Amino acid sequence: MKRKKKRTKKEGAKLVYQIMQENFLDQYGDFVSLESQEDLDIHVSYISYRVESELYDLLLESGDLEEMPWDEFVSLLRHWPAALERSHAVARRAFFSTLGDTSLQLFLFKRREHFTERDLSREENDNIPSAQILAEEEGRAMVGALLYRAQVIQYLLLRKEGEDCSWKEYLKKLAGNRILWGQVIRMMHNALANTAFRAAWEAENGVEAME
């Protein structure tokens with residue numbers, strides 16, 4: 001199988017921002033971001049974990065992996081270049097699918113818990129271990145894009161409900177209103193929880209592509 005050329009950190013982030021430009025920036029402009037890089041990175045880690053958890057299940061179901069503790073699986077991943085490369089491709093495919101969803105359902109409805117009891121059983125020192133599959137710039141850009149999408153959705157819903165304000169006026173209101181901000185964060189969390197990572201693995205030929 002011919003290996004795909006790896007994208008650099010800057011190329012990955014640039015692609016995400018290009019998608020944002022095409023979908024939102026030209027029409028709306030700026031947005032309100034998370035206050036700290038640490039908050040961004042927590043969400044990036046969540047994406048990595050969900051991608052890797054689906055891979056773990058697929059490998060078990062295919063018989064290509066014997067049952068092993070989660071921390072051992074993560075250690076295996078960190079030294080398995082083909083799995084890391086494919087996981088990166090899956091994360092990007094799943095992200096663009098969610099960002100491009102026009103039904104709004106992924107953002108507006110919570111269909112699953114962010115963490116199941118099984119997920120929490122893997123926790124160590126208030127953290128669920130995962131291997132890094134997204135470059136820092138690209139991962140933060142992905143989370144920022146989802147947050148931006150949530151704000152666009154909220155703005156359009158407010159306009160639909162009769163609130164007459166410009167995008168700039170909306171952002172000013174959002175920055176000073178904890179209730180509105182909490183709604184935006186919930187919408188972004190819904191989108192992350194509803195993102196179809198398993199479907200992305202299947203579309204990328206999953207386990208077979210790493211052989």
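Which helices do the buried residues of α3 pack against? The close-up views below, taken from a predicted model, start with that helix and then move on to other places in the structure.

**View 1. Helix α3 and its buried residues.** The buried residues of α3 pack against two helices, α2 and α4 (81-99). Four residues of α3 are involved: look for W70, F73, V74 and L77, the buried ones in this helix. If you look down the axis of α3, these buried residues fall within an arc of 100 degrees, so they line one face of the helix. A general rule is handy here: an α-helix has 3.6 residues a turn, so residues three or four places apart point the same way.

**View 2. Where helices α2 and α3 cross.** Here we see helix α2, residues 37-62, alongside helix α3, residues 70-78. Their axes come within 11 Å and cross at roughly 100 degrees. Angles from 65 to 115 degrees count as roughly perpendicular, and α2 and α3 are therefore roughly perpendicular to each other. On the α2 side, the contact is made by Y49, E52, S53, L55, Y56 and L59. On the α3 side, W70, F73 and L77 take part.

**View 3. Helix α8, with a buried face and an exposed side.** Helix α8 covers residues 167-176, and its buried residues are W167, Y170, L171 and L174. Seen down the axis of α8, they fall within an arc of 100 degrees, so they line one face of the helix. What do they pack against? Their partners are α7 (136-160) and α9 (178-194). Now turn your attention to the other side of α8, where K168, K172 and G176 are exposed.

**View 4. A salt bridge between K173 and E163.** Staying with α8, we can pick out K173, whose side chain meets that of E163 in a salt bridge, with N and O 2.1 Å apart. K173 lies in helix α8 and E163 in the loop between α7 and α8, so the pair ties together parts that are 10 residues apart in sequence. How exposed are the two partners? K173 counts as partly exposed, at 35% relative accessibility. E163 is partly exposed too, with a relative accessible area of 26%.

**View 5. R198 and a network of salt bridges.** The structure holds 11 salt bridges, and this view shows some that share partners. One of them joins R198 to E61, with the closest N and O atoms 2.5 Å apart. R198 lies in helix α10 (residues 197-203) and E61 in helix α2, so this pair ties together parts that are 137 residues apart in sequence. R198 also forms a salt bridge with E202, where the closest N and O atoms are 3.7 Å apart. R198 and E202 are four residues apart in helix α10, so about one helical turn separates them. Through shared partners, salt bridges join E54, E61, R198 and E202 into one network. As for exposure, R198 counts as partly exposed at 26% relative accessibility. E61 is exposed, with a relative accessible area of 55%, and E202 is exposed as well, at 51%.

**View 6. D119, a charged residue that is buried.** Find D119 in helix α6, which runs over residues 117-120. Is this residue buried or exposed? D119 is buried, yet it has no salt bridge. The nearest side chain of opposite charge belongs to R122, and it is 4.0 Å away. Leaving aside residues up to four places away in sequence, D119 touches Y49, S53, R112, H114 and I128. You may recognise Y49 and S53 from View 2, where they belong to the α2 side of the contact with α3.

**View 7. Two residues with positive phi, N125 and D126.** Most residues other than glycine have a negative phi, which makes this last view a nice place to pause. What is the phi of N125? The value is near 55 degrees, which is positive although the residue is not a glycine. For D126, phi is near 65 degrees, again a positive value in a residue other than glycine. Where do they sit? N125 is in the loop between α6 and α7, and D126 has its place in that loop too. N125 is exposed, with a relative accessible area of 77%. D126 is likewise exposed, at 75%.

Note on methods: Residues are numbered from 1 along each chain as its sequence is written. This is a predicted model: local features need pLDDT of at least 70, side-chain atom pairs count only at pLDDT 80 or more; totals for chains, interfaces and linings use all residues. Side-chain values use heavy atoms; hydrogens and water are left out. Buried means under 20% relative accessible area, exposed over 50%, partly exposed in between (1.4 Å probe, protein chains only). Lys and Arg count as positive and Asp and Glu as negative; His and the chain ends are not counted. Contact means heavy atoms within 4.5 Å. The arc is that of the directions from the helix axis to the C-beta atoms. Axes are lines fitted to C-alpha atoms, for helices over the stretch in contact, and angles run from 0 to 180 degrees between N-to-C directions. Angles under 35 degrees count as roughly parallel, over 145 as roughly antiparallel, 65 to 115 as roughly perpendicular and the rest as oblique.
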